[in-house]
Amino acid sequence: MRDQADLVRQRLASRGGGDEARVDEVLARDEERRKLLAEAEVLKAQRNRASKEIGALLGQKRSAEADAKKAEVRQTGDRIAALDRAVGEVERCRDGLLLRLPNLPHPDVPVGHSAAENPVVRTWGEPPVYAFKPKAHDQLCEQLQLVDFVRGAKLAGSGFLLYTGWGARLERALIQFLLGQHLERGYTEVSPPYLVSRDCMVGVGQFPKFEDQAYAVQEGLDGASLGKLYLLPTAEAPVANIHREEILQAAQLPLRYVAYSPCFRAEAGAAGVGTRGMIRVHQFDKVELIKIVTPEQGYTEHESMLADAERVLQVLGLHYRVVLLCTGDLGFASAKTYDLEVWAPGQGQYLEVSSVSNCEEFQARRMNLRYKAETGENRFPHVLNGSGTALARLFVALIETYQQAEGRVTIPEPLQPFLQAQVLPA
């Protein structure tokens, strides 16, 4: 930002959020900090010289002069302490501004204002054709008793689901299937905590910008809070932070992790925004992919991760398209993102089931994650994340795609071993 302020302003402006206006404020706070530090260094040098002079004066038994010099040193020390406090305050202000600035879009990302301007990169398969009008997933779920929407809301409120019977079994089967697919592709499975610290949320860019959208859990007795943890919005939060504040060896990279977790999002299911059924909910399951790679590997591994996410949809025989997000639709931490949108016949629309992003060094810097390059220097790696994939929308697309005229749902062959069945019975 110091060296290429105009470039930073330009790339931030392409996002359309007005964040480029904060660059001057950040630079002003940074310059103020540097001036305060410079003054403090000058005073510390003066204090060191004065301290030596005091020793010499005492050795010469010139106590009156030594006492005067001591008073001078005390005044200098008070000024240094005041400068140190001022530096701390300015640093907190500067860093607070920096933490609210999103990542810079990669130059290849198309400039646009909204999802309507996202170009379609490619499609796979064809939308299924039916001899009957396909039903929406909420009708199928009620008809086949896969999800009890009413009792789910009774248990936890609007936006929470109660999977029942074959619905619960299908959800579990999908999780097992997805994990197995990615293990075959060389990922290491981890099972993270579902509660994470604030540092983890800051590290991946969830906080401070989206702090008001998280579920917080208070610790303590009788309301005396001893700390606060957060229900993870995605397994990205804990898994990307596994190596936070570590220095890895270049030979360890790339690291590839896959994890299942439920995800909790307080902002989902807002009134009037696609709240019917399972499209937007507060809690859903997801299999998450994380990669930690060198910058040289970053975009090769990004395309590879996209292929891994696509593969599961192909194996399930689901029609989908790949969309490249424009600058105005890009996530806060991402430099470049592809979305996978699967066709849901009952909805008559595509549903996003995966976002595959390269955050470049953005998250690594926030979590102080580094690796030692072959040259011996410590560098920041690229951190990538992708859904491999998210449920419940995959659940929606699956049952809507494979519904039959008589009301049953055919189970795709790759899932049949997990369910020991070929159809979801009517």
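Here are some worked exercises on this predicted model.

**Exercise 1. Work out the strand order of the eight-stranded sheet, and find its edge strands.**

Solution.
- Start with the order: the eight strands run β1-β9-β10-β11-β14-β8-β7-β2.
- Next, the topology: the sheet is open and its pairing is mixed.
- Now look for strands that pair on one side only; these are β1 (120–124) and β2 (188–189), so they are the edges by definition.
- For a pairing inside the sheet, take β8 (residues 283–293) and β14 (residues 382–390): they run antiparallel and are joined by seven bridges.
- If you want a register check there, isoleucine 292 sits opposite valine 383 of β14.

**Exercise 2. Describe the surroundings of strand β10 (residues 336–344): which strands does β10 pair with, and is β10 buried or exposed?**

Solution.
- Take one neighbour to begin with: β9 (residues 320–324) is antiparallel to β10, with five bridges between them.
- In that pairing, leucine 324 stands opposite tyrosine 338.
- Then the other neighbour: β11 (residues 349–358) also runs antiparallel to β10, and here nine bridges do the joining.
- Tyrosine 338 turns up again, this time opposite valine 356 in β11.
- Look at the connection too: β10 and β11 make a hairpin with four residues between them, and glycine 348 in the turn has a positive phi of about 65 degrees.
- Now split the side chains by direction. In a regular strand they alternate between the two faces of the sheet.
- In β10, one group is Lys336, Tyr338, Leu340, Val342 and Ala344, while Thr337, Asp339, Glu341 and Trp343 point the other way.
- Finally, check accessibility: nine of the nine residues of β10 are buried, so the strand is largely enclosed by the rest of the structure.

**Exercise 3. Sort out the three-stranded sheet: what is its order, and how do β6 and β12 run?**

Solution.
- The order is β6-β12-β13, in an open sheet with mixed pairing.
- β6 (247–249) and β13 (378–379) each pair on one side only, which puts them at the edges.
- β6 and β12 (residues 370–372) run parallel, held by three bridges.
- One bridge pair to look up: isoleucine 247 goes with arginine 370 in β12.

**Exercise 4. Characterise the second largest pocket: how much space does it hold, and what lines it?**

Solution.
- Volume comes first: about 1,000 Å³.
- Then the lining: there are 28 residues, and those closest to the pocket centre are Met1, Leu98, Leu104, Phe362 and Arg365.
- Map the lining onto elements: α1 (5–13), α2 (23–59), α3 (63–99) and α10 (362–366) each give two or more residues.
- Last, the chemistry: the lining breaks down into 14 nonpolar, 10 charged and four polar residues.

**Exercise 5. Compare tyrosine 260 and arginine 15: where is each, and is each buried or partly exposed?**

Solution.
- Tyrosine 260 belongs to strand β7 (residues 255–264).
- Its relative accessibility is 22%, so tyrosine 260 counts as partly exposed; the buried class needs a value under 20%.
- Leaving out residues up to four places away in sequence, tyrosine 260 touches Ile175, Leu179, Val190, Pro192, Tyr194, Asp285, Lys286 and Val287.
- One of those contacts, valine 190, lies 70 residues away along the chain, with a C-alpha separation from tyrosine 260 of 8.0 Å.
- Arginine 15 sits in the loop between α1 and α2.
- At a relative accessible area of 11%, arginine 15 is buried.
- With the same sequence exclusion, the contacts of arginine 15 include Pro102, Asn103, Pro105, Thr327 and Phe332.
- For a longer reach, try arginine 311: 296 residues along the chain from arginine 15, and 30 Å apart between C-alpha atoms.

**Exercise 6. How many disulfides are there, and what about cysteine 200 and cysteine 326?**

Solution.
- The count is zero.
- Cysteine 200 is in no disulfide: its nearest cysteine sulfur, on cysteine 263, is 15 Å away, whereas a disulfide needs sulfur atoms within 2.5 Å.
- Cysteine 200 is also buried, at 12% relative accessible area.
- Cysteine 326 is in no disulfide either, with the nearest cysteine sulfur, that of cysteine 359, at 17 Å.
- With a relative accessible area of 0%, cysteine 326 is buried.

Technical notes:
Residues are numbered from 1 along each chain as its sequence is written. This is a predicted model: local features need pLDDT of at least 70, side-chain atom pairs count only at pLDDT 80 or more; totals for chains, interfaces and linings use all residues. Side-chain values use heavy atoms; hydrogens and water are left out. On a 1 Å grid over the protein atoms alone, a cavity is a set of points where a 1.4 Å probe fits but cannot get out, and a pocket is an open set with protein on both sides within 12 Å along at least five of seven lines; lining residues have an atom within 4 Å of a point. Grid points are joined across faces, edges and corners, and a volume is the space filled by probe spheres set on the points. Ala, Val, Leu, Ile, Met, Phe, Trp, Tyr, Cys and Pro count as nonpolar, Asp, Glu, Lys and Arg as charged, and the others, Gly among them, as polar. Buried means under 20% relative accessible area, exposed over 50%, partly exposed in between (1.4 Å probe, protein chains only). Two strands pair if DSSP finds at least two bridges between them. Contact means heavy atoms within 4.5 Å.
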